[in-house]
Amino acid sequence: MPAMSAVEAAFCRSAPWRAVARRTILPWALQGVEPYGEVLELGSGSGAMAEGVARSFPSARLTVTDVDLAMVSAAARLLAGLENVRVDRADATALPYPDGSFDLVTSYLMMHHVVDWRRGLEEVARVLRPGGTFVGYDLTDTLIARAVHVVDRSPHLLLRPDDLRRQLRAAGFVGVTVRVGFARTVARFLAHRSAP
Ligand SMILES: C[S@@+](CC[C@H](N)C(=O)[O-])C[C@H]1O[C@@H](n2cnc3c(N)ncnc32)[C@H](O)[C@@H]1O
């Protein structure tokens, strides 16, 4: 079940993207959060970010997921041998995990491909423990991002920062921050699952 065009999928698996993702984007996207406990990564693509997390935070236990079987296979190959990592196929809108299973959920550049990303936020809230953290970043709804995705033909629904803030709160998150950057083309988010 590919969720992106062949071109975008190949880009996400490419060596240059993996290197930039792991070395440069990962620390920026984590915003000071140090992965701990049970960590779920959504839409991991080739697993580049997961590799960085697994090596830098060896005490964290990672569940690395993607809906696309080709991506799951690529991540499983890249992450083979890392003992604190398991790789699953999972759709972010219907996660196959019990309520409250994770301390931290991460999502890097993937929510805009989950067309029903609002449902995805509800699933993140469900699988997080009370007080758990959701962190990551995504593209915002700009003319250039729209043009790229129309040409590329990947399914998408780009995020508007205000809407993302609102939907995070509606899904039960507190301490929500959404910070836009790079000429308003990307948004980093950080939020915590409220206690019952
Ligand atoms: C642009 S790539 C980003 C990959 C990776 N997070 C990174 O930063 O390199 C988006 C990923 O989201 C995945 N994806 C799209 N829809 C999804 C869904 N509903 N559930 C889980 N993964 C999904 C795609 O298969 C793809 O691997």
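Trainee: Which residue in strand 7 is the bridge partner of Phe134?
Mentor: This is a predicted model. Strand 5 covers residues 128-139, and it runs antiparallel to strand 7, with seven bridges joining the two. In strand 7, Phe134 has as its bridge partner Ala191.

Trainee: In what order do the seven strands lie in the open sheet?
Mentor: The pairing in this sheet is mixed. From one strand to the next, the twist averages 15°. The open sheet has the order 3-2-1-4-5-7-6.

Trainee: Which are the edge strands?
Mentor: Look for strands that pair on one side only. In the order 3-2-1-4-5-7-6, the edge strands are strand 3 (85-89) and strand 6.

Trainee: Which residue of strand 2 is the bridge partner of Val39?
Mentor: Strand 1 pairs with strand 2 over four bridges. The sense of that pairing is parallel. In strand 2, the partner of Val39 is Leu62.

Trainee: How many of the residues of strand 1 are buried?
Mentor: Take one side of strand 1 and then the other. Glu38, Leu40 and Leu42 are buried on one side. Val39 and Glu41 are buried on the other, leaving both faces covered. The count for strand 1 is five of five.

Trainee: Is Glu41 buried or exposed?
Mentor: Glu41 sits in strand 1. A residue needs 20 or more C-beta atoms within 10 Å to count as buried. Glu41 has 28 C-beta neighbours inside 10 Å, and therefore counts as buried.

Trainee: Which residues is Glu41 in contact with, leaving aside its neighbours within four places in sequence?
Mentor: Start with Met49 and Ala50, which are among the buried residues of helix 3. Beyond four places in sequence, the full set for Glu41 is Met49, Ala50, Leu62, Val64, Thr65 and Thr106.

Trainee: What separation lies between the C-alpha atoms of Glu41 and Ala90?
Mentor: Along the chain, Glu41 and Ala90 are 49 residues apart. In space, their C-alpha atoms are separated by 10 Å.

Trainee: Which elements do the buried residues of helix 3 pack against?
Mentor: The buried residues of helix 3 are Ala48, Met49, Ala50, Glu51, Val53 and Ala54. They pack against two helices and several strands. The elements are helix 2, strand 1 (38-42), strand 2, helix 4, strand 3 and strand 4 (102-108).

Trainee: Are helix 2 and helix 3 oblique or parallel to each other?
Mentor: Two packed helices are described by the angle between their axes and the distance between the axes. Helix 2 (residues 15-30) and helix 3 (residues 48-56) have axes 8 Å apart, at an angle of about 50°. The crossing is right-handed. The two helices are therefore oblique.

Trainee: How do the residues of the contact of helix 2 with helix 3 divide into nonpolar, polar and charged?
Mentor: Helix 2 brings Arg18, Ala21, Arg22 and Leu26. Helix 3 meets them with Ala48, Met49, Glu51 and Gly52. The residues divide into four nonpolar, one polar and three charged.

Trainee: Is helix 3 roughly parallel or roughly perpendicular to helix 4?
Mentor: The axes of helix 3 and helix 4 come within 9 Å. They cross at roughly 30°, and the crossing is right-handed. The angle therefore makes helix 3 and helix 4 roughly parallel.

Trainee: How many residues of the contact of helix 3 with helix 4 are charged?
Mentor: From helix 3 come Ala50, Glu51 and Ala54. From helix 4 come Ala75, Leu78 and Leu79. Five are nonpolar and no residue is polar, so the charged count is one.

Trainee: At what angle does helix 4 run to strand 3?
Mentor: Helix 4 spans residues 69-79. Helix 4 lies across strand 2 (61-66) and strand 3. To strand 3, its angle is about 170°.

Trainee: Is Phe182 exposed or buried?
Mentor: Phe182 is in the loop between strand 6 (173-181) and strand 7 (186-193). Its phi is near 50°, a positive value in a residue other than glycine. With 10 C-beta neighbours inside 10 Å, Phe182 counts as exposed.

Trainee: What is the phi of Ala183 near?
Mentor: Ala183 is also in the loop between strand 6 and strand 7. With 9 C-beta neighbours inside 10 Å, Ala183 counts as exposed. Its phi is positive, in a residue other than glycine, and is near 55°.

Note on methods: Residues are numbered from 1 along each chain as its sequence is written. This is a predicted model: local features need pLDDT of at least 70, side-chain atom pairs count only at pLDDT 80 or more; totals for chains, interfaces and linings use all residues. Axes are lines fitted to C-alpha atoms, for helices over the stretch in contact, and angles run from 0 to 180 degrees between N-to-C directions. Angles under 35 degrees count as roughly parallel, over 145 as roughly antiparallel, 65 to 115 as roughly perpendicular and the rest as oblique. A crossing is left-handed if the near helix is turned anticlockwise from the far one by less than a right angle, and right-handed if clockwise. Two residues are in contact if their C-beta atoms, placed from the backbone, lie within 7 Å. A residue is buried if 20 or more other C-beta atoms lie within 10 Å of its own, exposed if 12 or fewer, and partly exposed in between; C-beta atoms are placed from the backbone. Two strands pair if DSSP finds at least two bridges between them.
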